[in-house]
Amino acid sequence: MTVLDHRHLAAPVPGWRPDATGPRTDPAPLLPDESPHRVLGTPAAEKADPELLAELYRRLVVGRRYNQQATTLTKQGRLAVYPASTGQEACQVAAALALRQDDWLFPSYRDTLAVVSRGVDPLEALTLLRGNAHTGYDPKATRTAPLCTPLATQAPHAVGLAYAAQLRGEDTVALALLGDGGTSEGDFHEALNFAAVLNAPVVFLVQNNGYAISVPLTRQSAAPTLAHKAVGYGMPGRLVDGNDAVAVHAVLTEAVERARSGGGPTLVEALTYRIEAHTNADDATRYRQDEEIAAWREHDPILLMERHLRGTGQLDDRLAQAATEEAEALAARMRAEFHTDPELDPMSLFAHVYAEPTQQLAEQAAQLTAELDAEEQAR
């Protein structure tokens, strides 16, 4: 029997042919980018909004200084930990600018700058990383979820909120930020599946910075790109140059508006690089070469933006100095604020964990109370 004969005899699988609401069978429309989408350095940059470019540049410069100062505070012991987004600032500031004030942002632990760009006080955004409280800002007031330390658990939360808003007839969009390591977690896959099935107004931005701590991407995913993972769930997967702030803003804005108009979720993979180590507890020299870092420094998000703005006459030394002075003023405020340790109530850690405290939490609180009393009596 030839292959042709076999195909002739094989009957169609019942129910396989999708109808208008069934699963997609052609993945091509879901992956529109043959290569990472770029704007800076291409003819498309000439059409970019000058005010948007200026705002992105200002936020990039201030954000870089914020990352540098927070990293220094960690080395001084003023912060418990700081996962810097140095080199990834374009993703951070563009993500915040793509949202409306009544949308929601669901950040991971490396997305402090996105939270700040969202309008949260820069010092309050560091409260969790200082170890003072579960979070330092009001999530409801800022429409920004607390920085999420477990990998990808914020993704299903984003889907749930977005779907709830949809059921209420609101046009709220949720944007979930993840790293490439988060795409190997079960929560990531469950979130994408629910988002697609429910047609939830949510956008997933994966900042692929090359490593999940020390594990390179090739050791954690066999997919051609992380954007390809979208196809299996029936949603568009976009690929963008994560160091091109204008391109990231354009792709995210399109995905957010698509979600807001009822088009459903989108997975965006931004190719970027973290210049610093994973955290202050990591030695990146054990798994990265200097040549690799140097190559990415030549593709730095601020360098790309400055090159375009100066080349088109949209940036002069006066404007550059203004951005630098704003950045230094923020760094000075951070140094002054973190110079002294605040008076804290250890028992406050047990508040706001659950609406109704569990028995286990009550036992932990009682144990800590006993330990504190013992310390007090020993003095």
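## A five-stranded parallel sheet and its surroundings

In this predicted model, strand S6 and strand S7 (residues 266–271) run parallel and are joined by five bridges. Within this pair, Leu239 stands opposite Glu269 in S7.

Both strands belong to an open sheet of five strands, which follows the order S1-S2-S3-S7-S6 with parallel pairing. Its edges are formed by strand S1 (104–106) and strand S6 (237–241), each of which pairs on one side only. On average, neighbouring strands of this sheet are turned by 20° against each other, direction ignored. Strands of a sheet pair through backbone hydrogen bonds, in either a parallel or an antiparallel sense.

The following table lists pairs of strands in the sheet.

| Strand pair | Sense | Bridges |
|---|---|---|
| S6 and S7 | parallel | five bridges |
| S2 and S3 | parallel | six bridges |
| S3 and S7 | parallel | six bridges |

Opposite residues can also be named for the pairs that involve S3. Gly179 stands opposite Gln207 in S3, while Asn208 stands opposite Leu271 in S7.

Strand S3 deserves a separate description. Seven of the seven residues of S3 are buried, so the strand is largely enclosed by the rest of the structure. In a regular strand the side chains alternate between the two faces of the sheet. Both faces of S3 are covered: Val202, Phe204, Val206 and Asn208 are buried on one side, and Val203, Leu205 and Gln207 are buried on the other.

Helices accompany these strands. A right-handed β-α-β unit is made by S2, helix H8 (residues 186–198) and S3. Helix H3 (residues 89–97) lies across strand S2 (174–179), strand S3 (202–208) and S7, and runs at about 170° to S3.

A further helix, H2 (residues 50–75), contains Thr71. The relative accessibility of Thr71 is 15%. Buried means under 20%, and Thr71 therefore counts as buried. Apart from its neighbours within four places in sequence, Thr71 is in contact with Tyr82 and Ala84.

The chain as a whole has 13 helices and seven strands. Of its 379 residues, 45% count as buried. Its radius of gyration is 23 Å, which agrees with the value near 21 Å for a compact globule of 379 residues. The C-alpha atoms fill a box of roughly 90 × 60 × 45 Å along the principal axes. Among contacts between residues at least 6 apart in sequence, 75% join residues at least 24 apart. The accessible surface of the chain comes to about 19400 Å², of which 53% belongs to carbon and sulfur atoms.

Notes:
Residues numbered from 1 in each chain as written. Predicted model: local features only at pLDDT ≥ 70, side-chain atom pairs only at ≥ 80, totals over all residues. Heavy atoms only, no water. Pairing = 2+ DSSP bridges. Helix = DSSP H or I, 4+ residues; strand = E, 2+ residues; numbered from the N terminus. Axes fitted to C-alpha atoms, helices over the stretch in contact; angles between N-to-C directions. Contact = heavy atoms within 4.5 Å. Rg over C-alpha atoms; globule rule 2.2 N^0.38 Å. Buried < 20%, exposed > 50% of the residue type's maximum accessible area, 1.4 Å probe, protein only. Areas by Shrake-Rupley, 256 points an atom, 1.4 Å probe, with all protein chains shown as cover. Right-handed = clockwise from strand over helix to strand, strands pointing away.
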